[in-house]
Amino acid sequence: GGPPLSKEDQLAYSKKARPVEYVPYSGKDYKAQFGGGEGYYELGKLGPDLDVDELAGRRQRQERVRAYAEAVRHENKQQAAFAPERREKPKPPSTRQKAMEFARNVPKPKLKPKEPQPAQDSSASDDDGEVTELQMLALRHQRDKELVEQIRRDLRVT
């Protein structure tokens, strides 16, 4: 037991169906009220809510920013028209440019004047008394060739 329950409390805990205030409709009733369903068709979309105060505030801020940017752009154009031309400071020369300038200014070596040399034959150069290094090498080569020939002859004989 326990205390007796009121009618509302009895309804909340009972398994009986509660009285409902609605009229059940059929599919025919739906079609009559909302259109005869000729296949699938798409209903419209809700779309944005453009009358919100927050959106209006954003639009106003955006418009102010746009107007300010346009005013600044116009002002800068006017100042640029009357401003003197900028002259760029000359850049300091790079290391390569310094080296190239130095190389241009290095004094070139002076060439020794060539002594006129008469056309020389090998027999004519022996008469001068001066023997060049090339002539010495040629004589040495000739002696070595003769020595090799002598060794070959000796080897064949023995």
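**Exercise 1. Work out how much of the protein chain is buried, and what its surface is made of.**

Solution. Of the 158 residues in this chain, 2% count as buried. Keep in mind that the model is predicted. Next, turn to the surface: the chain exposes about 17500 Å², and carbon and sulfur atoms supply 55% of that area.

**Exercise 2. Describe the secondary structure and say where the prediction is most and least confident.**

Solution. Start by counting elements: the protein chain has six helices and zero strands. Read along the sequence, that gives the pattern α-α-α-α-α-α. Now add confidence. The average pLDDT is 83, and 87% of the residues score at least 70. Confidence is highest in helix H4 (residues 95-105), with a mean of 94, and lowest in helix H5 (residues 122-127), with a mean of 51.

**Exercise 3. Take the pair Arg73 and Glu70 and decide whether their side chains form a salt bridge.**

Solution. First, recall the principle: side chains of opposite charge can pair when their charged atoms come close. The cut-off is a side-chain nitrogen of Lys or Arg within 4 Å of a carboxyl oxygen of Asp or Glu. For Arg73 and Glu70 the N to O distance is 2.7 Å, and the two side chains meet in a salt bridge. Then place them: both lie in helix H3 (residues 53-82), three residues apart, about one turn of the helix. Finally, check exposure. Arg73 is partly exposed at 45% relative accessible area, and Glu70 is also partly exposed, at 46%.

**Exercise 4. Repeat the analysis for helices H4 and H6.**

Solution. In helix H4, Arg104 and Glu101 sit three residues apart, about one turn of the helix. Their closest N and O atoms are 2.5 Å apart, in a salt bridge. Arg104 counts as exposed at 56% relative accessibility, because the cut-off for exposed is over 50%. Glu101, at 39%, counts as partly exposed.

In helix H6, Arg152 and Glu149 are separated by about one helical turn because they are three residues apart. Their side chains meet in a salt bridge at 3.7 Å, N to O. Arg152 is partly exposed at 46%, and so is Glu149, at 39%. The salt bridge count comes to five, including the pairs worked through here.

**Exercise 5. Find a nonpolar patch on the surface and place one of its members.**

Solution. Look at Val131, Met136 and Leu139: they form a nonpolar surface patch with about 300 Å² of accessible area together. Met136 lies in helix H6 (residues 133-157). With a relative accessible area of 48%, Met136 is partly exposed.

Conventions. Residues are numbered from 1 along each chain as its sequence is written. This is a predicted model: local features need pLDDT of at least 70, side-chain atom pairs count only at pLDDT 80 or more; totals for chains, interfaces and linings use all residues. Side-chain values use heavy atoms; hydrogens and water are left out. Helices (H or I, at least four residues) and strands (E, at least two) are DSSP runs, numbered from the N terminus. Buried means under 20% relative accessible area, exposed over 50%, partly exposed in between (1.4 Å probe, protein chains only). Accessible areas come from the Shrake-Rupley method with a 1.4 Å probe; for residues, only the protein chains shown count as cover. Patches are made of residues with over 30% relative accessible area and no salt bridge: like charges are joined within 9 Å, nonpolar side chains (Val, Leu, Ile, Met, Phe, Trp, Tyr) within 5 Å. pLDDT is the predictor's confidence in each residue, from 0 to 100.
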